[in-house]
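Here's a quick tour of a single chain, with a few spots worth pulling up in your viewer. Have the structure open as you read.

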Amino acid sequence: MLNATLVHRATPSKWGNAGNSSMNLLKNMLVEKVEQMMEWSSRRSVIRMNGDKFRRFVKAPPRNYSVIVMFTALQPQRQCSVCRQANEEYQVLANSWRYSSAFSNKLFFTVVDYDEGADVFQQLNMNSAPTFMHFPAKGKPKRADTFDLQRIGFASEQLAKWIADRTDVQIRVFRPPNYSGSIALALLVSLVGGLLYLRRNNLEFIYNKTGWAMAALCVVFAMTSGQMWNHIRGPPYAHKNPQNGQVSYIHGSSQAQFVAESHIILLLNAAITMGMVLLNEAATSKGDVGKRRIICLVGLGLVVFFFSFLLSIFRSKYHGYPYSFLIK
């Protein structure tokens, strides 16, 4: 009975020592991983990872830090212009975090390039790039941990807002100074000022209604085509399907658009406006009847064809819209 009691009392101590040893091992592994991540982060704001590093420092426990991963394809042979644009915004965001006073070891920015970690893409069943994912400190990523790039765009400010929602880490985006806008404005003012000075004795061109009308139309075309939305959201220029290589210039949703799409809409609006101007010219001018008839037909053709094209784009974005004209 005494021996049994001794064995019974020794057993919990044995398992307790094993448990403590296991916990110490995990703690040491965690400390080592955090120290390694901090060392890499001190060298560059975005840590490059291959398949082995991704599985060890992002996927495998223990981990008490969140990781933002950009899956991309930056090699020139991949011809992914969107990846390069997204990478620039990602670098701005990572630098803003790295050099902020709130920087800590609770959040790291990493990147996995397809040519360095194709096995990671296969493991995650990922067939498009760029893609942003958040890997939380505890548990597995949920659906909301994948950034909706197609709908929101990849501007640094939008990424920072998404990260704040997922991690409660607030990042204030600091962009490097860009003097191109100021220089362009200064050159424009200098050009206009020089022109006014040279023609100071003849300023009748200022009262030219046609010139002011053209300038107003340019502003209207730029605004109605969605240029301001592009400036705010920073969408990709177009989308290339990685499976079949097909390039899409029109976004399939009414909640988003590509930069190329705004250019197309601008040209369509300009063509329709030109048609309306020709129709007005044919109706109000007092020239040759045959010439006026030709101008009328050309104007009518521009309005009918390009308005049909514009309506077809509208139908492709607002699914279920019942009306069409000439072009399905």
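## The cavity

The structure holds 1 cavity of 30 Å³ or more. This is a predicted model, so to speak of its voids is to speak of computed space. About 30 Å³ of space lies in that largest cavity.

Which residues line it? The list runs Leu149, Gln150, Gly153, Trp229, Pro235, Pro236, His251, Ala256, Gln257 and Phe258. Sorted by class, the lining has 6 nonpolar and 4 polar residues, with no charged ones. Both domains chip in: domain 1 (21-167) and domain 2 (205-317) each give at least three residues to the lining of the largest cavity.

## Two domains and what lies between them

The domain assignment splits out domain 1 (21-167) and domain 2 (205-317). Taken over C-alpha atoms, their centres are 41 Å apart. How many residues are in contact across the two? On the domain 1 side there are 12, and they meet 16 residues of domain 2.

The size of an interface is often given as the accessible area lost when the parts come together. Here, domain 1 and domain 2 bury about 1000 Å² between them, and 49% of that is on carbon and sulfur atoms. On the domain 1 side, Asn127, Gln150 and Arg151 supply 43% of the area buried against domain 2, more than any other three residues. Gln150 turns up again in the lining of the largest cavity.

## The second largest pocket

Now for an open site: the second largest pocket has about 260 Å³ of space. It is lined by 15 residues, and the closest to its centre are Gln257, Glu261, Ile265, Lys317 and Tyr318. Two elements give two or more residues to this lining, helix H10 (259-284) and helix H11 (289-317). H11 has the largest share, with 4 residues.

What is the class make-up of this lining? The residues of the second largest pocket divide into 7 nonpolar, 6 polar and 2 charged. Gln257 is worth clicking on, since it is listed in the lining of the largest cavity and is also among the residues closest to the centre of the second largest pocket.

## Annotated transmembrane spans

From the record side, an unreviewed UniProt entry lists "transmembrane region" for residues 179-198, 210-229, 264-282 and 294-314. How do the last two of those look in the model? Residues 264-282 are 100% helix and 0% strand, with the end C-alpha atoms 27 Å apart. Residues 294-314 are likewise 100% helix and 0% strand, and their end C-alpha atoms lie 30 Å apart.

## Backbone oddities

Most residues other than glycine have a negative phi, and most peptide bonds are trans. A few places in this chain go the other way.

Pro61 and Pro62 are joined by a cis peptide bond, with omega at about -5 degrees. Pro62 sits in the loop between helix H2 (51-59) and strand E2 (66-72). Another cis peptide bond links Ala129 and Pro130, this one with an omega of about 0 degrees. Pro130 belongs to the loop between helix H4 (118-123) and strand E4 (131-135).

Where is Asn125 found? It's in the loop between H4 and E4, and although Asn125 is not a glycine, its phi is positive at about 55 degrees. That loop therefore gives you both a cis bond at Pro130 and a positive phi at Asn125 to check in one view.

Terms used. Residues numbered from 1 in each chain as written. Predicted model: local features only at pLDDT ≥ 70, side-chain atom pairs only at ≥ 80, totals over all residues. Heavy atoms only, no water. UniProt positions renumbered as here; feature names shortened; annotations may be inferred. 1 Å grid on protein atoms, 1.4 Å probe; cavity = no way out; pocket = protein on both sides within 12 Å on 5 of 7 lines; lining within 4 Å. Points joined across faces, edges and corners; volume = space filled by probe spheres on them. Nonpolar A, V, L, I, M, F, W, Y, C, P; charged D, E, K, R; others polar. Domains from an automatic or database assignment. Contact = heavy atoms within 4.5 Å. Buried area = accessible area lost by both parts, 1.4 Å probe.
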